[in-house]
Amino acid sequence: QSTWEPPKVGTGMSSYTAYTVHSKTSLPAYPQGESSVMRRYSDFAWLREALVAANPGVIVPPLPEKNATSRFDDEFVEQRRGELERFLHRLAAHPLLHSASELQLFLTSADKLPWEKKSWGSGVLNKMSKV
């Protein structure tokens with residue numbers, strides 16, 4: 001797997017960096033063999049949390065730190081891209097995690113990931129506005 005070409009998506013506070021994740025494998029768990037999807041940092045965070053929850057006792061590699069202040073700085077974006085790529089390589093090399101359904105979904109699904117389908121309307125800010 002590899003990640004590159006990180007464009008900035010959106011404007012203002014809702015903007016984020018999107019990473020194209022290309023993967024190629026001959027593992028039977030990935031019938032299409034090759035895929036290319038766009039992912040943002042929060043997608044990687046979802047993947048790590050989902051792997052930790054689904055694989056108790058398995059050490060899941062860490063993600064790079066989140067940084068809100070310089071998140072669009074070219075040097076920071078390139079450093080994070082490399083760290084996210086290393087994260088994916090470590091998952092791909094792991095004897096248990098390389099075939100995890102969560103990783104398969106992350107690498108192959110063009111649809112929104114499960115965490116993106118949540119309804120944020122019932123969150124804390126919505127509840128605070130009713131007080």
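## Lining of the largest cavity

In this predicted model, the largest cavity is lined by Ser23, Lys24, Thr25, Tyr30, Gln32, Gly33, Glu34, Ser35 and Thr108. Two elements each give two or more residues to this lining, namely strand 3 (16–24) and strand 4 (34–40). By class, the lining residues comprise 1 nonpolar, 6 polar and 2 charged.

The volume of the largest cavity is about 30 Å³. With a threshold of 30 Å³ or more, the count is 1 cavity. In general terms, empty space is revealed by rolling a probe the size of a water molecule over the atoms.

## Thr108 at the cavity

Thr108, one of the lining residues, belongs to helix 3. Thr108 counts as partly exposed because its relative accessibility is 27%, and the buried class requires a value under 20%.

Along the chain, Thr108 and Tyr30 are 78 residues apart, yet their C-alpha atoms are separated by 8.3 Å. Apart from neighbours within four places in sequence, Thr108 makes contact with Tyr30, Gln32, Ser35 and Val37. Among the residues that line the largest cavity are Tyr30, Gln32 and Ser35.

## Strands 3 and 4

Strand 3 and strand 4 run antiparallel and are joined by 7 bridges. Within this arrangement, Ala18 is positioned opposite Arg40 of strand 4.

The two faces of strand 4 can be told apart by their cover. Ser35, Val37 and Arg39 form the covered face, while Glu34, Ser36, Met38 and Arg40 form the uncovered one. Such a pattern has a general basis: side chains in a regular strand alternate between the two faces of the sheet. Two residues of the covered face, Ser35 and Val37, are also in contact with Thr108.

## The buried side of helix 3

Helix 3 spans residues 101–108, and its buried residues are Glu102, Leu103, Phe106 and Leu107. These residues lie on the same side of helix 3 because they cover an arc of only 125° around the axis. The elements that cover them include strand 3, strand 4, helix 1 (41–54) and helix 2 (74–93).

## Two buried residues: Leu84 and Val60

Leu84 is located in helix 2. With a relative accessibility of 0%, Leu84 counts as buried. Beyond residues up to four places away in sequence, Leu84 touches Tyr19, Tyr41, Phe44, Leu63 and Pro64. Leu84 and Pro62 are 22 residues apart along the chain, and 9.6 Å separates their C-alpha atoms.

Val60, by contrast in location, sits in the loop between helix 1 and helix 2. Val60 is nevertheless buried, as its relative accessible area is 5%. When residues up to four places away in sequence are not counted, Val60 touches Arg48, Leu51, Val52, Leu91 and Leu97. From Val60 to Leu97 the C-alpha distance is 8.2 Å, across 37 residues of sequence.

## Ser99 in the loop before helix 3

Ser99 occupies the loop between helix 2 and helix 3. Its relative accessibility of 31% places Ser99 in the partly exposed class. Leaving aside neighbours within four places in sequence, Ser99 is in contact with Leu27, Ala29, Tyr30 and Gln104. Tyr30 is thus a contact of Ser99 and also a contact of Thr108.

Ser99 and Leu27 are 72 residues apart in sequence, and the C-alpha to C-alpha distance between them is 8.0 Å.

## The chain as a whole

The protein chain contains 4 helices and 4 strands. Read along the sequence, these elements follow the pattern β-β-β-β-α-α-α-α.

The chain has 131 residues, of which 37% count as buried. Among contacts with a separation of 6 or more, 57% involve residues 24 or more positions apart. Thr108 and Tyr30, with their positions 78 residues apart along the chain, are in contact and illustrate such a pairing.

How values were computed. Residues are numbered from 1 along each chain as its sequence is written. This is a predicted model: local features need pLDDT of at least 70, side-chain atom pairs count only at pLDDT 80 or more; totals for chains, interfaces and linings use all residues. Side-chain values use heavy atoms; hydrogens and water are left out. On a 1 Å grid over the protein atoms alone, a cavity is a set of points where a 1.4 Å probe fits but cannot get out, and a pocket is an open set with protein on both sides within 12 Å along at least five of seven lines; lining residues have an atom within 4 Å of a point. Grid points are joined across faces, edges and corners, and a volume is the space filled by probe spheres set on the points. Ala, Val, Leu, Ile, Met, Phe, Trp, Tyr, Cys and Pro count as nonpolar, Asp, Glu, Lys and Arg as charged, and the others, Gly among them, as polar. Buried means under 20% relative accessible area, exposed over 50%, partly exposed in between (1.4 Å probe, protein chains only). Two strands pair if DSSP finds at least two bridges between them. The arc is that of the directions from the helix axis to the C-beta atoms. Contact means heavy atoms within 4.5 Å.
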